[in-house]
Amino acid sequence: MTRVVVAKRVDRGDADLSEVTDLARAAGYDVVGRLSQTREEDAGYQLGEGKVSELAALVAETDAAAVIFDNRLGPYQTYNIAQKLPQNVEVIDRFTLILEIFGQRANTRKAQLQVELAELRYELPRAEAKASLAKRDERPGFMGLGEYDESRERDIKAQISRIKNELDAIADKEETRREQRRESGFDLVALAGYTNAGKSTLMQQLADDLEVGQNDDLHPDLDPTAESKNQLFTTLGTTTRRAETGKRDVLLTDTVGFVSDLPHWLVESFKSTLDSVYRADLVLLVVDASESLDAMREKLITSHDTLYERNEAPIVTVFNKIDAVDDDELEEKRAALSALAPNPVAVSGLTGENISELTARVEAELPAWERERLLLPLVDDTMSVISWLYDHAYVEEEEYQGKQVFVEFEASPSIVEKARSKAAALSVTVD
């Protein structure tokens, strides 16, 4: 396991190194040292030059092979820091680390493409910096910016264009699939939230009454249940399961977790994954209620920043992991976060506590259904229409009246319209 030192600079207050430590461990690193500084950013080194010398000494003392910064490093800062460190010590910033984790967890073609796109967008300004240094006859070190290749800029731009085209094609297919699912009578609900908030565990609770194989006949494109582990970025792509919340047939999608302070280019690279959130009928924003109030507030703000840019669906905030919080603390957090999380549902994905309250809330918040009553003639195709209604709507009453069948049901407006067309076709057949 590669030994690393983690470092962070903050403008004010005390630097919190817990998240970067968790990220480093998630990537498989052994954190053997920590260093932080409170000051304004140094344009050349991120940290003050004296602090960089202290960092170099810590690296030598711990025999670390890399330094991971919980900051965004510019190309020249990366190069300058590398020059101060012992030979062959790698400099990794926050976003390189996140991309490394993404790369390890990318198990589908789409996820792999998104990771590759993000890596290329990250590398492009560094390739431009290498060109600038090369023109000044400076040779970036291997563990800093890497060797300069004058054709690299052109190659990166060409690869970015190719990957975007392929991802656009995948996104078009997924949008078609979403519409087909809606036309089949399904509501689309997305789980969103900060990484490690317990989304995958909650998803297993909501779909707990269904075996994975039950998805196969209805929707062979659905993935198996998301894996649930106590680590960051367990879910990188999207996982969709069927979940029954009562009257409604719901397809629930688990997605990659949000992370604070992500640059636009990284969020944009995962746009097609986030589309499953942006274009859902309802979003369940999951927050870890066992964390500190400040951490919850910061992560709610991060999640809202990501969602509100393009999200079209109503949002229900879910306070998860209440099995680890006492009632008084939970009420304090509810009150303190009411502006960011009005009327949240408090649940435990681990124990199943209050899951029924959550499913009732899902039913209440989904787009309104219409109630319809149809009087169908008893002809050869009538039973297939009634069967279709049971598959796509919530049938409340079915009554046979001589040579006619009375059916009362609730469904989405599009399903009601289709039902009327099918009923009209039966009438035409009779005539």
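A residue is taken as partly exposed when its relative accessible area lies between the 20% under which residues count as buried and the 50% over which they count as exposed. In this predicted model, L378 has a relative accessible area of 38% and is therefore partly exposed. L378 is placed in the loop that runs between β11 (370-377) and α14 (382-392), and together with M383 and Y400 this residue makes a nonpolar surface patch of about 280 Å².

A surface patch of negative character is formed by D323, D326, D327, D328, E332 and E353. Of these residues, D327 is located in helix α12, which comprises residues 327-336; because its relative accessible area is 61%, D327 is classed as exposed. Another acidic residue, E312, is found in the loop between α11 (293-308) and β9 (315-320), and the relative accessible area of 68% computed for E312 is the reason why this residue is likewise assigned as exposed. In sequence, E312 and Y278 are separated by 34 residues, whereas the C-alpha to C-alpha separation of the pair in space is 6.0 Å.

With regard to the interior, the largest nonpolar core consists of 26 residues, within which Y29, I68 and L97 have the most contacts. At least two residues of this core are supplied by each of the elements β1 (3-10), α1 (18-26), β3 (66-69), α4 (94-105) and α5 (109-135), and the greatest contribution, six residues, is given by α4.

Notes. Residues numbered from 1 in each chain as written. Predicted model: local features only at pLDDT ≥ 70, side-chain atom pairs only at ≥ 80, totals over all residues. Heavy atoms only, no water. Helix = DSSP H or I, 4+ residues; strand = E, 2+ residues; numbered from the N terminus. Buried < 20%, exposed > 50% of the residue type's maximum accessible area, 1.4 Å probe, protein only. Patch = residues over 30% accessible without salt bridge, like charges linked within 9 Å, V, L, I, M, F, W, Y side chains within 5 Å. Areas by Shrake-Rupley, 256 points an atom, 1.4 Å probe, with all protein chains shown as cover. Salt bridge = Lys/Arg side-chain N within 4 Å of Asp/Glu carboxyl O. Lys, Arg positive; Asp, Glu negative; His and termini not counted. Charge placed at Lys NZ, Arg CZ, Asp CG, Glu CD. Core = buried A, V, L, I, M, F, W, Y, C linked by side-chain atoms within 4.5 Å.
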